[in-house]
Amino acid sequence: MSDSDDYPSAQRRRTEGSGVRRSHGGGSSGHNNTFQTKLFIDGQFVDSHSGKTFVVMNPATGEELARVSEGDKADVDVAVRAARRCFETTWKFTDGSRRRDLMLKLADLIERNKEELATIESLDNGKPYNESLNVDLALTVKCFRYYAGWADKIQGKVNPVDGSFFSFSKHEPLGVVGQIIPWNFPLLMAAWKLGPALATGCTVVLKPAEQTPLSALRLAELIHEAGYPNGCVNIIPGFGPTAGGAISSHMDVDKVAFTGSTEVGKIVMEAAAKSNLKKVTLELGGKSPLIICEDADLDAAVEAAQVGIFFNQGQVCTASSRIYVHERIYDAFVDAFVRASKRRTQGNPFRDVSMGPQVSQEQQDTIMRYIKAGKSEGAELALGGRKGQSNGYFVEPTIFTNVSDDMTIAREEIFGPVSCVLKFRTLEEAIKRGNRSNYGLAAGIFTRDLGTAFKYANEIKAGTVWVNTYNSFDAAQPFGGFKMSGIGRELGEYALSNYTEVKCVMIKLPEAPIKN
């Protein structure tokens, strides 16, 4: 499976200061890695107030990767004060063109260090290095450049009103925002949240996931190098109930943005409501349906289904974990899908593989419980269903057939490489069954008929609908979900409204004299 000798080695030490020099060489160079492991508060890298640290694991080997300072409420308090001071004295008065230039400089720094950042991401998360470099890093750079373009274009409107008044609206930055990001796309999710917040003039206290904090801390170094003012961005590694809870309930945080599970999203929203009724945006779970119609290009549909469920080891909120296939092509699709899935390679993410490990032992155990439930409830295991033979947290690509909608594996988000393939007869039936879920994040359809595609897009309850493609993203395209998949939208122009208040100004004008 994998050989730990092929991994870039990690010097397991606490780094000192704010500028740690590295030599990665990218990929499987074998050069030593040194990680930034301290909190980033008010432009400085500091130990946590408590002095506690926590272990970050390499999911491909099950070995310790680094020890990171553990932030909690005391550290969040200091970070929020720094963010408030920066906002009130500096950042909200900074010209949009200056915010634009800083973000473009940050994007350039990320691009210049992309091989190193991709190496950190693959070591920390386990995803294949080629995906870290060509997907995560590429989209991260594009996201920051996209929002740099908006920074000097935040504008209001002149409102036509009755009477002798001049009325206009303006968009002002919300203030201090808390951002809690997940472990499946650590750097990219940081970009999704930092981009619109910094473009609109907000300051940030960001908590990376405890499983994958290392790329966010390296990003903090680049933010500092780019020249952002002290306190503009603060990064606090730590755990959800402590650091995350402190952000969600803090009385001087004006808004919290969270990406993660629906269960934790409810906790974040409750804490926000009970504190100062801060604004909340949530990007949560999914159980996305992919419909394969009788007239679909079968080869293209199989390829998209592979991307839909096995990309990032299935640890994607939009994963196409429910694949509905027309009964006339069901057997042909299953046969082709299984054959294609058998060709997927899995192992050391710094080799030429298509899949790495799950992010943690906990995630591996959760997926295996779902696989066990699928078998016990009568689904037929067509492929996989086992742990990988490695010290890491690997799960084989897994396909279930003869699945019914009421089975646990068809109802609950698994967040792993486990696919359910179900039959349908009519489009109306597929739409009805696709909508029979508490989630509504994404959906897909493969068909050659434009009318069929539009009918599905109009009637499926999902924030994103892909037609003859799957898991295609762009920074200009808004992203978010219906129902329990979340509140609000990220990306695109829509995300800017998450970080601004709209103020209306009404000016009384002199009455114009009436002439006969």
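Select Arg-328 to open the tour: this residue is exposed, with a relative accessible area of 61%. The model on screen is predicted.

**Stop one: a salt bridge at Arg-328**

Keep Arg-328 selected and add Glu-294, whose side chain joins that of Arg-328 in a salt bridge with an N to O distance of 2.9 Å. This pair connects distant parts of the chain, the two residues being 34 apart. Glu-294 belongs to the loop between β12 (289-292) and α9 (298-310), whereas Arg-328 belongs to the loop between β13 (322-326) and α10 (330-342). Glu-294 has a relative accessibility of 39% and therefore counts as partly exposed, while Arg-328, at 61%, is over the 50% cut-off for an exposed residue.

**Stop two: along helix α10**

Select Asp-335 and Arg-339 next. Both residues are in helix α10, where they stand four residues apart, about one turn of the helix. Their side chains form a salt bridge, with N to O at 3.1 Å. Asp-335 is partly exposed at 42% relative accessibility, and Arg-339 is partly exposed with a relative accessible area of 43%.

**Stop three: from a loop to helix α13**

Now select Asp-405 and Arg-433. The closest N and O atoms of this salt bridge are 2.7 Å apart. Here too the pair links distant parts of the chain, over 28 residues: Asp-405 is in the loop between β15 (398-401) and α12 (408-411), and Arg-433 is in helix α13 (residues 427-434). Is Arg-433 buried or exposed? Arg-433 has a relative accessible area of 12%, so this residue falls under the 20% cut-off and is buried. Its partner Asp-405, with 21%, is partly exposed.

**Stop four: helices α13 and α14**

Extend the selection to the whole of α13 and add helix α14 (residues 450-459). The axes of the two helices are 10 Å apart, and the helices pack at an angle of about 25°. An angle under 35 degrees counts as roughly parallel, and α13 and α14 therefore fall in that class. Where α13 passes α14, the crossing is right-handed.

**Stop five: strand β7 and its neighbours**

Select residues 176-180, which make up strand β7. How many of its five residues are buried? Five of the five are, and the strand is mostly covered. Show the side chains and compare the two directions: Val-176, Gly-178 and Ile-180 point one way from β7, and Val-177 and Gln-179 point the other way, all of them buried.

Add strand β8 (residues 203-207), which pairs with β7 in the parallel sense over five bridges. Val-177 has Val-204 as its bridge partner in β8. Then add helix α5 (residues 186-200); together, β7, α5 and β8 form a right-handed β-α-β unit.

Which strand is joined to β7 by four bridges? Strand β10 (residues 255-259) is, and the two strands run parallel. In β10, the residue opposite Val-177 is Lys-255. Val-177 is thus a useful residue to centre on, as its partners are Val-204 in β8 and Lys-255 in β10.

**Last stop: a network of charges**

Side chains of opposite charge can pair when their charged atoms come close. To view a case with several members, select Arg-84, Glu-88, Lys-92, Asp-252 and Asp-254, which are linked in a network of salt bridges. Across the whole structure, a search finds 31 salt bridges, among them the pairs Glu-294 with Arg-328, Asp-335 with Arg-339 and Asp-405 with Arg-433.

Notes:
Residues numbered from 1 in each chain as written. Predicted model: local features only at pLDDT ≥ 70, side-chain atom pairs only at ≥ 80, totals over all residues. Heavy atoms only, no water. Salt bridge = Lys/Arg side-chain N within 4 Å of Asp/Glu carboxyl O. Buried < 20%, exposed > 50% of the residue type's maximum accessible area, 1.4 Å probe, protein only. Pairing = 2+ DSSP bridges. Right-handed = clockwise from strand over helix to strand, strands pointing away. Axes fitted to C-alpha atoms, helices over the stretch in contact; angles between N-to-C directions. Parallel < 35°, antiparallel > 145°, perpendicular 65-115°, else oblique. Left-handed = near helix turned anticlockwise from the far one by under 90°.
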